[in-house]
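Welcome, and please take a look at the model below. We will walk through it together, starting where two chains meet.

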Number of protein chains: 6
Amino acid sequence: MVMEPRTAFQSKTVMTDLVLPSETNPINNLFGGELLARMDRAASIAARRHSRRIVVTASVNHVAFNRSIPLGSVVTVEAKVSRAFKSSMEVYLDVWIEDRESGESIKANEAIYTFVAVNETGHPVKVPELVPETALEKERFDGALRRKQLSLVLAGKMKPADAKELKAIFE
Amino acid sequence: MVMEPRTAFQSKTVMTDLVLPSETNPINNLFGGELLARMDRAASIAARRHSRRIVVTASVNHVAFNRSIPLGSVVTVEAKVSRAFKSSMEVYLDVWIEDRESGESIKANEAIYTFVAVNETGHPVKVPELVPETALEKERFDGALRRKQLSLVLAGKMKPADAKELKAIFE
Amino acid sequence: MVMEPRTAFQSKTVMTDLVLPSETNPINNLFGGELLARMDRAASIAARRHSRRIVVTASVNHVAFNRSIPLGSVVTVEAKVSRAFKSSMEVYLDVWIEDRESGESIKANEAIYTFVAVNETGHPVKVPELVPETALEKERFDGALRRKQLSLVLAGKMKPADAKELKAIFE
Amino acid sequence: MVMEPRTAFQSKTVMTDLVLPSETNPINNLFGGELLARMDRAASIAARRHSRRIVVTASVNHVAFNRSIPLGSVVTVEAKVSRAFKSSMEVYLDVWIEDRESGESIKANEAIYTFVAVNETGHPVKVPELVPETALEKERFDGALRRKQLSLVLAGKMKPADAKELKAIFE
Amino acid sequence: MVMEPRTAFQSKTVMTDLVLPSETNPINNLFGGELLARMDRAASIAARRHSRRIVVTASVNHVAFNRSIPLGSVVTVEAKVSRAFKSSMEVYLDVWIEDRESGESIKANEAIYTFVAVNETGHPVKVPELVPETALEKERFDGALRRKQLSLVLAGKMKPADAKELKAIFE
Amino acid sequence: MVMEPRTAFQSKTVMTDLVLPSETNPINNLFGGELLARMDRAASIAARRHSRRIVVTASVNHVAFNRSIPLGSVVTVEAKVSRAFKSSMEVYLDVWIEDRESGESIKANEAIYTFVAVNETGHPVKVPELVPETALEKERFDGALRRKQLSLVLAGKMKPADAKELKAIFE
């Protein structure tokens, strides 16, 4: 199993697809649940590309649906691993929709998922380090640690007082 | 439109269903994305029952997938509104799977979604207050305020220093 | 395998879900076939909860679609075992739709399915007795015997003259 | 609207398709619910061909699942209108599976659905008479009257004593 | 394995089904991709009926979508093997839609798929010869050879100069 | 409506997704029909990006399925407009699968679809010219004319003798 550090770019996954009639809510916008499912598949591919392992969803971070996505839209989900821990990987997703007539792309959503790499029997295995390159990748890499602490605090697995990087933002 | 306060129990929504072969990942467990989609539908029904309005997903709070859900499982998603704000509602979900032979139910997941009530043109409308009754409902009602602050902080719409209830847990 | 008698309530299964655009016919109501499929899944879970075995659909009794179910409806399918025979179980289903604005629930359908409990190789196995508790459960328990006779008569496996309970209703 | 009597053959509808992995139960056979849905679509086409109207499912008669249908099977659903009443039509379905290696076809199921012809606003409209031609079509045509009486009796809309043709089989 | 020559009629496969809302594009016609998928399933059944083997899609010949197929249409896909080669079979498909009110059938498409018969490990196996009977079957049988040459030429596996039957049509 | 010439790159569409269990044939490879449907969606997005119009599938050119795509694969469909005619666009697709462990990408398929740009009532409208840039884009641009002639010849809309560019390859 290859374990040299890998860049965020190497895990980049692009999933462009239509919003079909079967995926819309009563006011003809993409169901939140369908977008969550697409993001889960794209993020799992990014995590698999980073780890070259079977990966399973461990958690979904806070996801805000700021902008509704109407029927017939072209939606692009872009996923990149933002940080790797021992056997888990945080994946950052950006969702874009584009206007057919102007051709312009608009940011519709961001989301953060966490995946764990496992072997054939479902046990966690080690993953390579993630090396951020761009300014945005570095910012997300740094934020990932605070988010991991927040997860542990919310799950009662870490005392708030021990979450130094997280605590710092409230001071 | 009825606007008297309503209890959490009045919005309770139960969605029991099977895990079908088309919904599983390579190690034969329910896809995270499919569970997210089911929870979105169940939560939207709870929010609709509370508000009697069209509702759209506003955000998904942190969701941890602690326990894998194998093919053929019977999965029960239970959703109740945990707190209502002006036009938004926090919905708390509990996910259970049951063992076929013992008949025992095991908690598989918790999740928190937020919905906004809208009119036919998609504009936010007011919703009734939520009245918690049981101890658990009250605990979730209180936590909802901290979670709302956390959302606003993470979205850059509130300064961490102003999020009093949230800040308190780090002191 | 546990074989003590079990109550109808212990098998009660609730499946609340939306009517999605992909499930409607040309006049925008839920397809009969889609409702039949949902009822089959809910009934199979009730039968499985009663028997704690793998169960397969044996028959569908007469189902009347009295009321159309429009796109966007919230539909609740409620299934309970109504009587257990040697290895088969009759499951009674009630289907409700609710009005979003009034919050009122209306009965849309009733249906009766029969399931057989089988082992891993598909052979029938014994199931526990069903103990009806409420007046309605008792009425359905009694009717189940007549319906079983009707099935056997229609399948040519019982002479009409031998179907005493069934025959009685025509006298 | 054409209203001359029409033969059963003129409504004959053949739907041959595969059993896909997403349509099977835990012992790898076609879900009862999925077969019910396919039969509903095939029967609705037969009723539409007879009436040349929009049709909606009114009821499903007793359906027995005598033979399991394994994953990968080729399934043929054949539907023909068996009798027309004022605005309703009984449709008789025969389901066949074929063995890949021998090429032989085996009868897997029979089912009977009833459809009502409606106009664009959902109100019942008259349908042409059905003229049976073969011996089997005539037998099913005759049986349709008894089945209609049975439906009415079970629905409490006809007194058992008035259902002459039905009552006769118990004498 | 039976290897006597078989007629085109013996492989005839009819798949009649509705166009459902989930299968339509923004102007409410059946998606090209969905029709391609239905034709693939129907053609695979015809090839399986001819060969009595597992079959896999080898290629899709030129398919023209001359006529749009609106939501709610009844679509009939009819597939017959047009010629068998060593282990491959060309399947010719005719697609019809029918007008609900007039009952008239209109040709909507033609398509040609090629399948290969394989054993359980995916290796090609021999298939029986195809014997055309009608004038149309004979015409398609003859055309199949030119189409096979065209495939080989386009794939760079045959020199255009060696494709005698194909070349002839340009002289 | 913008009508300046556009490059192939500007229409480039990438759709990366998993092969799910519901999309596989009896030997656990992606169904040909499902791949055809994915390619249709990706190609329609590329044609829409080029034309900024509603687009409908006009034809599918010869598609060879050279390599089977197993369950669980990560499949990337990449679509670019290869040439624009008056209101039609040829779209060239490349399909890649990647090995999870080595991370290597392998070419699985090529395909060519043609789309027509239409207005809201379904009538063809003009599209911008396509400007090829790379050597491969130029080669495909040139081939597109021969393929268009071949389509017209096969449809009986052009005499083989008039298809000069096509005819040349047989001399």
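Let us begin with chain B and chain A: 31 residues of chain B are in contact with 31 residues of chain A, contact meaning heavy atoms within 4.5 Å. This is a predicted model, in which local features need pLDDT of at least 70 and side-chain atom pairs count only at pLDDT 80 or more, while totals for chains, interfaces and linings use all residues. Residues are numbered from 1 along each chain as its sequence is written, chains are lettered from A and ligands numbered from 1 in the order in which they are written, and side-chain values use heavy atoms, with hydrogens and water left out.

Putting chain B and chain A together buries about 2,700 Å², and carbon and sulfur atoms give 72% of that area. Buried area here is the accessible area (1.4 Å probe) that two parts lose on being put together, summed over both. Between chain B and chain A there are 6 residue pairs in polar contact, both residues at pLDDT 80 or more. A polar contact is a pair of N or O atoms within 3.5 Å; within protein, one must be able to donate a hydrogen and the other to accept it, and residues adjacent in sequence count only if both atoms are side-chain atoms. The number of salt bridges between chain B and chain A is 0, a salt bridge being a side-chain nitrogen of Lys or Arg within 4 Å of a carboxyl oxygen of Asp or Glu. Which element of chain B gives the largest share of the side that touches chain A? That is E3(B), with 6 residues. Helices (H or I, at least four residues) and strands (E, at least two) are DSSP runs, numbered from the N terminus.

Now turn to chain A and chain C. Here 4 residues of chain A are in contact with 4 residues of chain C, and the buried area is about 300 Å², with 79% from carbon and sulfur atoms. The rule finds 0 salt bridges across this interface of chain A and chain C. A turn of 120° with a shift of 0.0 Å along the axis lays chain A on chain C with an RMSD of 0.0 Å. The two copies are therefore related as by a three-fold rotation axis. Such copies are superposed by least squares on the C-alpha atoms of residues with pLDDT of at least 70 in both. Within chain A, A:Ser22 comes closest to the rotation axis, its C-alpha at 2.7 Å. Chain A and chain D, by contrast, have no contact, and their closest C-alpha atoms lie 17 Å apart.

Next, look inside the chains. In H1(A), 19 of the 20 residues are buried, that is, under 20% relative accessible area (exposed is over 50%, partly exposed in between; 1.4 Å probe, protein chains only). After H1(A) comes A:Arg52, whose phi is positive, near 55°.

Over all chains, the structure holds 66 salt bridges. One of them joins C:Glu23 and C:Arg38, with the closest N and O atoms 2.8 Å apart. C:Glu23 sits in the loop between strand E2 and helix H1 of chain C, and C:Arg38 in helix H1 of chain C, 15 residues apart. C:Glu23 counts as buried at 13% relative accessibility, and C:Arg38 is buried at 4%. In chain D, D:Arg140 and D:Asp94 meet in a salt bridge at 3.0 Å, N to O.
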